[in-house]
Amino acid sequence: FCLNRVLFSLMSEELDNTMKEENEPEPTPEVSQPSLFELVATTATGLMQVFNTNVLHSSTFQLVFIVSAIAFWGGYVYVSAFRGKTKAERRRKLATWGLTTTNFRPTFVAVTVFALISILLMACFRKFILQKNIELNWHILILCVLYPCWGIVQQFLIQSLIVNNLDLLRLTKKQPLFPWWCCGIILASAAAFTLVHMPRWLLCGCTFVLGIAFTAIFLKWHNLWPLGLYHGWLGAVAYFVVLGEDPFQKLFLKAEEAY
């Protein structure tokens, strides 16, 4: 819960700044060289996830990995955007990553529509394709509180770092935003998001569709918060409805039993 409070405090601060500075122009994203460190560190984070999923199969390691990844990338945001930065530099950096309130409403509306359609399709898939009943319990409520914290970090890696750096590559070459370039970025980010969930093919299918929709929305409005929130909520629903699993029991209760 403390981690959730730290992440959502960023959004609260930006909301306060927006209310106080209505007459100031909105911060514009930075245009700089693509960051090799961000791409390498993001790849390393994804590879660690794949290693645990396919080799270790350890709930304890997965829990430690998630907490460590949140702490590491939270620290990276602090050092890059807050430490020793002026107010203007901080807002510009946060705008680059989509961590402001700019375009929050249209992004939230678009993701909500996508989420409602996705939940309906997942329920139909469970009922008519798998021909199984949907079984929920109170654990899903806890996941809907905790999972968005991890969802924001994952979307930060995919959208703020991978997608942004791919688009910066275009900007440094002074190329216009052609439709084929957008399609390439969307497919690349969706593929990267899917690869870290292999070899669970049902989950891969869900993440590929989510990756396409979320990247397209991010490129349109450049706001990360609704993507992270719905990543967590849709992820919780997908585990229960599509996979028929309880990730809370697997991650927390089994990790506790290991001790």
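**An all-helical fold and its aromatic core**

Contacts that bridge distant parts of the sequence dominate here: among contacts in the protein chain with a separation of 6 or more, 80% join residues 24 or more positions apart. The model is a predicted one, and its secondary structure consists of ten helices and zero strands. Read from the N terminus, the order of elements is accordingly α-α-α-α-α-α-α-α-α-α. Of the 259 residues in the protein chain, 46% are buried. The chain exposes about 14,100 Å², and 68% of that area is supplied by carbon and sulfur atoms.

A word on confidence is helpful before turning to details. The mean pLDDT of the protein chain is 84, and 81% of the residues reach 70 or more. Residues 18-23 are a stretch to treat with care, as pLDDT stays under 50 there. For this stretch the model has three contacts beyond four places in sequence. Where pLDDT is low, predicted coordinates should not be read in detail.

The interior can be described through its largest nonpolar core, which has 53 residues. The residues with the most contacts inside this core are W73, W97, L99, W150, F156 and F214. Two or more residues each are given to the core by α3, α4, α5, α6, α7 (179-195), α8 (201-221), α9 and α10 (247-257). The largest share, 13 residues, comes from α6. W150, one of the residues with the most contacts inside the core, touches F65, I66, A69 and I70 when residues up to four places away in sequence are not counted.

Helix α6 (residues 139-172) also holds N165, and L161 lies in this helix as well. L161 has a relative accessible area of 0% and is therefore buried. Leaving out residues up to four places away in sequence, L161 touches E38, L39, T42, W73, W97 and F156. One of these partners, L39, is 122 residues from L161 in sequence, yet the two C-alpha atoms are 6.9 Å apart in space. L161 also has a polar neighbour in N165: a polar atom of the N165 side chain lies 2.5 Å from the backbone oxygen of L161. N165 counts as buried because its relative accessible area, 3%, falls under 20%. In an α-helix there are 3.6 residues a turn, so residues three or four places apart point the same way.

Aromatic residues deserve a closer look. In total, the count of aromatic pairs comes to 14. F37 and Y76 make a tilted pair, with 5.6 Å from centre to centre and 40 degrees between the planes. This pair links distant parts of the chain, with F37 in helix α2 (residues 36-56) and Y76 in helix α3 (residues 59-81), 39 residues apart. The two partners can be told apart by accessibility: F37 is partly exposed at 44%, whereas Y76 is buried at 15%. A second tilted pair is formed by F108 and Y230, whose ring centres are 5.6 Å apart and whose planes meet at 50 degrees. Here the link runs between helix α5 (residues 104-129), which holds F108, and helix α9 (residues 225-241), which holds Y230, across 122 residues. F108 is partly exposed, with a relative accessible area of 30%, while Y230 is buried at 11%. F37 and Y76 also belong to one aromatic cluster, together with F72, W73, W97 and F156.

W97 leads on to helix α4 (residues 87-97), where the buried residues are R90, R91, K93, L94, A95, T96 and W97. Just after α4, G98 takes a positive phi of about 80 degrees.

Some further backbone features are found in the loops. Most residues other than glycine have a negative phi, and most peptide bonds are trans. N103, in the loop between α4 and α5, has a positive phi of about 65 degrees although it is not a glycine. With 34% relative accessibility, N103 counts as partly exposed. H222, in the loop between α8 and α9, likewise has a positive phi, near 60 degrees. H222 is partly exposed at 22% relative accessibility. Finally, M198 and P199 are joined by a cis peptide bond with omega of about 5 degrees, and P199 is placed in the loop between α7 and α8.

Conventions:
Residues are numbered from 1 along each chain as its sequence is written. Side-chain values use heavy atoms; hydrogens and water are left out. Buried means under 20% relative accessible area, exposed over 50%, partly exposed in between (1.4 Å probe, protein chains only). Helices (H or I, at least four residues) and strands (E, at least two) are DSSP runs, numbered from the N terminus. pLDDT is the predictor's confidence in each residue, from 0 to 100. Contact means heavy atoms within 4.5 Å. Accessible areas come from the Shrake-Rupley method with a 1.4 Å probe; for residues, only the protein chains shown count as cover. A polar contact is a pair of N or O atoms within 3.5 Å; within protein, one must be able to donate a hydrogen and the other to accept it, and residues adjacent in sequence count only if both atoms are side-chain atoms. Rings of Phe, Tyr and Trp (its six-membered ring) pair if their centres lie within 6.5 Å; planes under 30 degrees apart count as stacked, over 60 as edge-to-face and the rest as tilted. A nonpolar core is a set of buried Ala, Val, Leu, Ile, Met, Phe, Trp, Tyr and Cys residues joined through side-chain atoms within 4.5 Å.
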